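Thanks, everyone, for making the time this morning. I would like to walk through one structure with you, starting with its cysteines, then turning to the ligand and finishing with one helix.

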Amino acid sequence: MDFVALPKVELHAHLSGSISRECLHDIWLQKKARGETTLEDPLIEMPAGKFDYDLETFFPLFSKYIYELCNDLPSLIQTTNSVLSTFSSDGVAYLELRTTPRAIPSANITKDDYIQTILSCIAAANSSPASKMKTNLILSIDRRNNLPTAVEVVFLALKYRSQGVVAIDLCGDPAVGDVSIFAPAFKQAREANLPITIHFAESPASSTPEELWCLLEYMPQRIGHVINVPDDVKEEIVKRKLGLELCLSCNVHAKMITGTYGDHHFGWWRGKGCPIALSTDDVGVFGSSLSNEYRLIAEHFNLNRADICELARSAIDTIFGTEEDKQRLRGVMWK
Ligand code: IMP
Ligand code: ZN
């Protein structure tokens, strides 16, 4: 089966984690030539073939490296366009890209500028006659944020709703933060009918019953990872038929699960009635494209062509796009 040609839906991809090493290297070369960076070459910082980032080494990669390198408008535009074009070339028919609004004071970039720049790259890609991919944007709250910052993310998501922002996310280092402080931000989102997705039970530290029930009270339509889930919480997720964003390679490489591909909790969730969107999370870091994720699932869970098509289509029901987006996907995705 040609997994690249298979039209796919990608619902869990972080912009800064989806930038390829080649694209980062390109930006580094340009900055180096202009004497604008003292950073190490990305190909040395993140060598080709190195994918074994765990929860301890993964997060500093952004705060200490990628954000330092991609710190102006040209690099934001170049990386966003590169990420969009890579997903499109991989046969993604519908993409929900997520990012944490980031002000870059050194370049006079506000959070509004950051979002507007990404949205204009997305608008250009969406309207390109050559593209078969539609993209929407999700804005992330980082677990390390305080409440005013989280409320600002909701405000910005609502402000740019008519321009392609479709939801908010809660992400970030699962070892950090107390998620209960965000209750007023999620309440505002709910009251404005702004959809919610949440990184859920990613690590034992972020999987206490208190945290998981608190997150479920925020009423997310979708949850990501869903790894360390006690039985009563699983029951509730099944009852609500929440959309599940499952990221195979990321979980294996980062050792977030015990064992390997065939041991992934996809096996448990499959067939429980929750729509599943196989997703890449951070393809720039973990190196597995969405087509490769489908190939791995087919191989390790013995799925035939019909099973794979059904799995890919099951994600349609849980997108945050319009009814029109869903209709288009029902038309183009394989049966
Ligand atoms: P950005 O939001 O576009 O800057 O993408 C990078 C950010 O996404 C990181 O700083 C993390 O906060 C978040 N992120 C990426 N992957 C994960 C993950 O697997 N779990 C939680 N947060 C993540
Ligand atoms: Zn994620």
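Before anything else I need one cut-off, namely that a disulfide is taken here as a pair of cysteine sulfur atoms within 2.5 Å. Please also keep in mind throughout that what you see is a predicted model.

With that cut-off in hand, consider C23, whose sulfur has its closest cysteine sulfur in C70, at 7.0 Å, and that is too far for a bond. Looking from the other side, the closest cysteine sulfur to that of C70 is the one in C23, again at 7.0 Å, so this distance rules out a bond for C70 as well. Both residues are nevertheless shielded: C23 is buried at a relative accessible area of 8%, and C70 is buried at 5%. For the structure as a whole, the count of disulfides is zero.

Let me move to the record, where an unreviewed UniProt entry annotates residues 7-330 as "domain: Adenosine deaminase". In the model, that span is 46% helix and 15% strand, and its end C-alpha atoms lie 10 Å apart.

Now to the ligand. Which residues are closest to ligand 1? They are Y67, T99, T100, E202 and D282, out of 18 residues that surround the ligand. As for polar contacts, an N or O atom in the side chain of T99 is 2.7 Å from an oxygen atom of ligand 1, a polar side-chain atom of S16 lies 2.8 Å from a ligand oxygen atom, and for D142 the corresponding distance to an oxygen atom of ligand 1 is 3.3 Å. Taken on its own, ligand 1 has 490 Å² of accessible area, of which the protein covers 97%.

S16 deserves a second look, since it counts as buried because its relative accessibility is 9%, and the cut-off for buried is under 20%. S16 sits in the loop between strand 1, residues 8-14, and helix 1, residues 21-33. Leaving aside residues up to four places away in sequence, S16 touches F62, I66, Y67 and Y114.

Finally, helix 13, which runs over residues 290-300, has as its buried residues L290, S291, E293, Y294, L296, I297 and A298. Against what do the buried residues of helix 13 pack? Their partners are strand 1, strand 2 (92-99) and strand 8 (276-278), together with helix 10 (248-253), helix 11 (266-269) and helix 14 (305-314). Helix 13 is followed by N302, which has a positive phi, near 55°.

Definitions and conventions: Residues are numbered from 1 along each chain as its sequence is written. Chains are lettered from A and ligands numbered from 1 in the order in which they are written. This is a predicted model: local features need pLDDT of at least 70, side-chain atom pairs count only at pLDDT 80 or more; totals for chains, interfaces and linings use all residues. Side-chain values use heavy atoms; hydrogens and water are left out. Helices (H or I, at least four residues) and strands (E, at least two) are DSSP runs, numbered from the N terminus. Buried means under 20% relative accessible area, exposed over 50%, partly exposed in between (1.4 Å probe, protein chains only). Contact means heavy atoms within 4.5 Å. UniProt positions are given in the numbering used here, feature names are shortened, and annotations may be inferred rather than shown by experiment. A residue is near a molecule or strand if one of its heavy atoms lies within 4 Å of it. A polar contact is a pair of N or O atoms within 3.5 Å; within protein, one must be able to donate a hydrogen and the other to accept it, and residues adjacent in sequence count only if both atoms are side-chain atoms. Accessible areas come from the Shrake-Rupley method with a 1.4 Å probe; for residues, only the protein chains shown count as cover.
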